[in-house]
Amino acid sequence: MTQQSPANVEFRQVGKALTRTDAPGKTTGRTPYAGDYAMPGMLHAKVLRAPAASARLKRIDASKARALEGVACVLTGPDLPDRLAPTDIPGQTGQKRMDTGQPILVRDRVRYFGEPLALIAAETRDIAEKAMELIDYELEPVPGVYDPEAALRPGAPIVQGKDNVVASQKMRKGDIGKGFAAADLIVESTYTSQFIEHAFLEPEVGLAWVDENEVINIRVATQVIEHFRGIADAIGVPHNKVRIRGAMVGGGFGGKEDVTVETYLAVLAKHTMRPVRLEFTREDSFLGHGKRHPFRMTYKTGVKKDGTITALEVRMLADAGAYVFLSPYVLLYAAVAAPGPYRVDNLFVDGKAVATNNMFTSAFRGFGGAQACIAYEQQMDEVAAALGMDRIEFRRRNYLKTGEMLATGVPIQSAVWTEECVDRAMAALGAPSEAPHPAARIGRGVAAYQQSYGRITWLHDTSECWVGVEVDGTVVVRSGVTDIGAGQISALGQIAAELLGVGLDDVVIYNSDSAVTPLAGTTTATRALYMTGNACRMAAATLRERLVERAAASFGVAPGDVDMAGNRAFVIGRPDTSMPFVDLVKLCAADGVHRSELAIFRAPFTDPIDPETGQGQVHPDYTYGAHAVEVAVDIETGEVTVLKSIGAHDVGQAINPAAVEGQIEGGAAQGQGYALSEEMLYEEGRLVTPSFSEYLMPTSMDMPLVQSIILESRSGLGPFGAKGIGEPSLTPVAPAIANAVADAIGTRVFELPITPERVVNAIGEKQGVQT
Amino acid sequence: MLGEFDLEIPDSIEEALELLAADDAPAPLAGGTNMLVDMRAGGTRPERVVSLARLEGVRWIAERDGRIAVGGGTTVSDLLQDERIAEHGASLVGAARVFAGQMVRNTATVAGNVAYGSPAADLVPPLMALDAGVTLMSKSASRTVPLADYFTGYRQTVRKPDELIAEISWPKRGAGMADLFYKLARRKGDAITVTGVAVSLALAGGKCAGVRIALGAVAPVVMRARKAEAMLDGQAPDAALIEAAARQAAQECDPIDDVRASAEYRRHTVHMLVRRLVGQAVEHLR
């Protein structure tokens, strides 16, 4: 169900649930994914992974593997140039943090379970697998550290560098001493979250070859085609000698934000001068890309009897795993998000991301903001309960409002509709469900959030898009943007069609090629629509101006009197004075009017925030919304059934409401798994949930019908006032479920996932306390 | 990776039994929904596999001699579409309904679920509570073993390498009998069972008779809680007795800690679920 308000703007293409441009190809199976590409003479690659989390590589001998018939190449650490592969935030700035690199292959030290030891390329995959077994190596165990708190203790094994602190983040505002002194009540709790896996349908895959210009071409499933720079740096070739050709991506969620198979493919193709294909198995995928950071978050809130928050003190500890990757930024996002969508005048946040010999952690939909929401929204319920105040009423008294300042001391750029979203989501829950059996208890929960869209403003993010009109009146859009399944490119089509007065069917979009499509940046950080959508809007608007001017000259009216729609140009109010769009384009072609335009959109550029106070601008803007759920909890077995799941989000302007619903429904499912069943479990760094029989995402049997409520404030910084919804739709789901379970059982499970066993234990502890 | 193996695909059960009689003891492969996963994970590495997929005349359900019988090739999905199973094996239908996911149900066989010997096999507790027997056939002989005696240890069974499960059968059920199953898992679809409980009992003159309580995933094998059964048999079940029997069942089981749940939790849920299912059965029959 969709609710839109205000309904005072007329669009012709935008805002409609049009069939997406990528739909026919996907439904008929014609869309090639990166794994569908093959080349004559292609080799098949495998990655040999270390079966230990902390060890010294004493010796590695690939001679037997190399001697196997059909093996083209085996590379080990010493065979590669002594360079590190950057793991830092990707992008256009060329900025790079120090000490964030990882050797492409282990040279002497294994720091996490599954770290790559060798690369094999062979005539068939079977031969490559056999060759893997022939590589002889010796690992000597080295004491590791597997818990972030233990990693901070004196004498703890050091994973890398001088200590295990990967990043620290502070936020300081007001005076929490005074704030707590003014409080009538102080509530303190610790909430924890777990490692989780992106579990995209399409594991990492790619095909690389060296072309006639010695350019290493890599066809790959990625969110970030602009890793070509880092890959070139890692293997020691100029940036213009690596070309990434994307493909439709079968899911990203942040797991294809870092480099995955690209560097391996590049070195193997360069070494063999033959095309090389590498496809991760699901087991490779579980071991091969970073997970979501587990967080331990202690929240202490001071509050007055009337419900006013007087102080908030937050301590966060994140497990960064064995390499840095995006940990400093995930921590930053968590710290900025720490107070949630609430007014907190006295704020203290201290966060640390700490290295361990667990799997490295990096980007995951919500990027630290999701972890913070798990804590702040559970804390809001706990504080309300301590006050004896209704949960919604307590929130209402503390919501940030439109025009107010963020906790980082800068004004909010757009409308804040948190209250509307919470109220609509709660109202949509309707009458409470009947308990399905005598041991079932019904509970309800809601969570509100503030989640950024667009990248960190001191990364100076830009995006380019090219729009052109062919002489037959059809439209071409070119942009490097990667489509990871959310409808990123189809949205560009709707935007161009809107401005040029044509239909979505008249537009063809070329995307995701680092050499021939204008660079558009990453499909991460809920930025694709905001950034590339704006670039597309700008290019199409410029083109529209030229076309309208030419039409106005023909009609003998001022350009302001001309509009374009339905593949015609016409005089506003005089529909008889019109011409087909194709005729207008032909006139323009005859006159040599420039029928294409390349535009660049620049996000706000700022300096970094003050490291001591965290004050300053961090993101361009934020999305606000809420998720509400109703659950049934079996108090005897601890099983949780989600009965109702409702997302209400102010998306600014839905470019395609069906795509927005897709994001909300997907967020509801992924968030439900985060809350209840998903966990990557490591024992001394070794993954003990190596397959989908242990790693449990919700199935269709677990999901209720998800209801999407789309609100449109038209106040966002994206095209036509759009905000972003990719990450935000996930963020509030897990805490809403946690709050609903707590509501049902009268006590709280402070650790995610909320397994049946933890529910039973929490109930048992409560009963123990009472008796 | 699956590894290399020779694959034999016989058309008849006779041909299959002939192949299985070979000295190298090839592995029979039915639906493959357990075995292929295990082979891919490197748990099993048979050198020769005999596929049962093309055997003629092994996929059937019959009613004869007061018993319901299913052929060795009958799939889990088949159980859901047969009125005789619905009438005489309500708990089996209950288990089939929550068995893995649709694709697995369509290919997994009842016999394969039994033969694999997993303590978490969902069809085994209801079949055991129904007093099912397993008919094993080899090239030269045939024998029937009570399912309750079929499992000898964790993934160990009485089946000899040259035998196949030809059929599984159990006595028809009548009025005054109730058969219930509950699968407790970490999610509702496609999940490995944490605790499975099947209860079959009759109520005669207000007293329990033929009580069978079978427990899955809480011991090295699917097991019967015989002491708990004995506490109920011949007694008029009231809440206190049911509670005591449920506690007894929790005592009798022998669960382990694994990634899905702790032993302690499994024991707790045996207590809760036996109490619930026996209570429901009694309530249903009163």
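The dialogue below asks how the terms used for this predicted model are justified.

Guide: This is a predicted model, in which local features need pLDDT of at least 70 and side-chain atom pairs count only at pLDDT 80 or more, while totals for chains, interfaces and linings use all residues. Residues are numbered from 1 along each chain as its sequence is written, and chains are lettered from A and ligands numbered from 1 in the order in which they are written.

Visitor: What makes E22(A) and E23(A) a pair of strands?

Guide: Strands are DSSP runs of E with at least two residues, as helices are runs of H or I with at least four, both numbered from the N terminus, and two strands pair if DSSP finds at least two bridges between them. Strand E22 (residues 562-565) and strand E23 (residues 568-571) of chain A are joined by 4 bridges and run antiparallel, so the definition is met. A:Ala565 stands opposite A:Arg568, and the hairpin has 2 residues between its strands, with A:Gly566 in the turn at a positive phi of about 55 degrees.

Visitor: How do you know that E23(A) also pairs with E24(A)?

Guide: Here too there are 4 bridges, in the antiparallel sense, between E23(A) and strand E24 (residues 574-580) of chain A. A:Arg568 has A:Pro580 as its bridge partner in E24(A), and in the turn of this hairpin A:Gly573 has a positive phi of about 85 degrees.

Visitor: Why does the radius of gyration of chain B agree with that of a compact globule?

Guide: The radius is taken over C-alpha atoms, and the globule rule is 2.2 Å times the number of residues to the power 0.38. For 286 residues the rule gives a value near 19 Å, and chain B has 19 Å, so the two agree. Chain B has 11 helices and 14 strands, and 51% of its residues are buried, a term that requires 20 or more other C-beta atoms, placed from the backbone, within 10 Å of the residue's own (12 or fewer is exposed, in between partly exposed).

Visitor: What makes residues of chain B and chain A count as being in contact?

Guide: Two residues are in contact if their C-beta atoms, placed from the backbone, lie within 7 Å. The contact takes 19 residues from chain B and 19 residues from chain A. On the side of chain B, helix H11 (residues 263-285) gives the largest share, 6 residues. That side divides into 9 nonpolar, 5 polar and 5 charged residues, where Ala, Val, Leu, Ile, Met, Phe, Trp, Tyr, Cys and Pro count as nonpolar, Asp, Glu, Lys and Arg as charged, and the others, Gly among them, as polar.
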